[in-house]
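Work through the exercises below with the coordinates open beside you. Each task is followed by a solution that proceeds step by step.

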Amino acid sequence: MDPFLTAKPDFLWEYLADIAADPSNPARVVTLATIDSEGLPQARSVILREAAPWALTIYTDKRSPKVWQLKQQHRAQVLLWDREKRWQLRCSAKAEVITEGPETEQLWERIKDTHAAQDYLTPQAPGEVLDINALAQEVPQFAILRLHLTEIDWLELRREGHRRQRLTPEGVQALVP
Ligand SMILES: Cc1cc2nc3c(=O)[nH]c(=O)nc-3n(C[C@H](O)[C@H](O)[C@H](O)COP(=O)(O)O)c2cc1C
């Protein structure tokens, strides 16, 4: 069934969850855009870790600038480009920053003995001027970014004519591409 014709976003959650679960899928590297304290845009690549209805999850270092940007201004966008499907998903969201509690503890238990654990134990915060004498952290500097989606702008590039839809929890609207 052509997902565009069903006019329901339900299939998208499974599609996004499959991307998140597949490290070989290039679409798993998404762009997260935030707004800094001067009102300027800040975009960077991050890995899409989980997807559920109207929620995307990203892991990060809680000392990173994106975390305090999102604490000050929780509006954000996640941009995904799926080269194979020729789909662009521009997901507007309100971000929730989770730095403690059972969810972070369970995740840390899962990754603490993996190579990825080192990312959350670096001596200094991401973006700081390098100090070669700084000591490694003993406590993981782990944060979960849960992006609660408010709107998805979905563009499909096709030879027969591009297609675009705006999806919100309230419904779906076809747009001029
Ligand atoms: C392919 C790729 C994947 C990345 N994945 C993540 C990620 O999942 N989480 C993260 O915090 N940073 C990730 N980074 C690093 C960020 O792009 C960024 O450099 C870092 O998080 C600092 O961002 P900030 O200074 O805006 O907070 C990734 C970078 C690349 C190139």
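**Exercise 1.** Determine which elements cover the buried residues of α3 in this predicted model, and which residues of α3 are buried.

*Solution.* Begin with the cover: the elements lying over the buried residues of α3 include β1 (29-35), β2, β4, β5 (75-82), β6 (87-98) and β7. Next, identify what is being covered: within α3, the buried residues are Lys 66, Val 67 and Leu 70. These residues lie on the same side of α3, because they span an arc of only 105° around the axis. Finally, turn to the other side of α3, where Lys 71 and Gln 72 are exposed.

**Exercise 2.** Describe the shell around the ligand by the elements that supply it, by residue class and by the residues that come nearest.

*Solution.* Start with the elements: β2 (41-47), β4 (55-61) and α3 (65-72) each contribute at least two residues to the shell around the ligand, and β2 provides the largest share of that shell, namely five residues. Then sort by class, which gives seven nonpolar, five polar and three charged residues in the shell. Lastly, consider proximity: of the 15 residues around the ligand, those that come nearest are Arg 44, Ile 47, Thr 60, Ser 64 and Lys 66. Lys 66 thus appears in both exercises, as one of the residues nearest the ligand and as one of the buried residues of α3.

**Exercise 3.** Is His 148 buried, partly exposed or exposed, and which residues beyond its neighbours in sequence is His 148 in contact with?

*Solution.* First locate the residue: His 148 belongs to strand β7 (residues 142-156). Then count its surroundings: His 148 is partly exposed, because 13 other C-beta atoms lie within 10 Å, whereas a residue would be exposed with 12 or fewer. Once the neighbours within four places in sequence are set aside, the contacts of His 148 are Trp 54, Ala 55, Ala 93, Lys 94 and Glu 96. For Lys 94, which is 54 residues away along the chain, the C-alpha separation from His 148 is 5.2 Å.

**Exercise 4.** Carry out the corresponding analysis for Leu 107, asking whether Leu 107 is buried, partly exposed or exposed.

*Solution.* Leu 107 sits in helix α4 (residues 102-111). Since 18 C-beta neighbours fall inside 10 Å, Leu 107 counts as partly exposed; a buried residue would need 20 or more. Not counting residues up to four places away in sequence, Leu 107 touches Phe 142 and Ile 144. As a last step, compute the C-alpha separation between Leu 107 and Ala 33, which are 74 residues apart along the chain: the result is 24 Å.

Terms used: Residues are numbered from 1 along each chain as its sequence is written. This is a predicted model: local features need pLDDT of at least 70, side-chain atom pairs count only at pLDDT 80 or more; totals for chains, interfaces and linings use all residues. A residue is near a molecule or strand if its C-beta atom, placed from the backbone, lies within 6 Å of it. Helices (H or I, at least four residues) and strands (E, at least two) are DSSP runs, numbered from the N terminus. Ala, Val, Leu, Ile, Met, Phe, Trp, Tyr, Cys and Pro count as nonpolar, Asp, Glu, Lys and Arg as charged, and the others, Gly among them, as polar. Two residues are in contact if their C-beta atoms, placed from the backbone, lie within 7 Å. The arc is that of the directions from the helix axis to the C-beta atoms.
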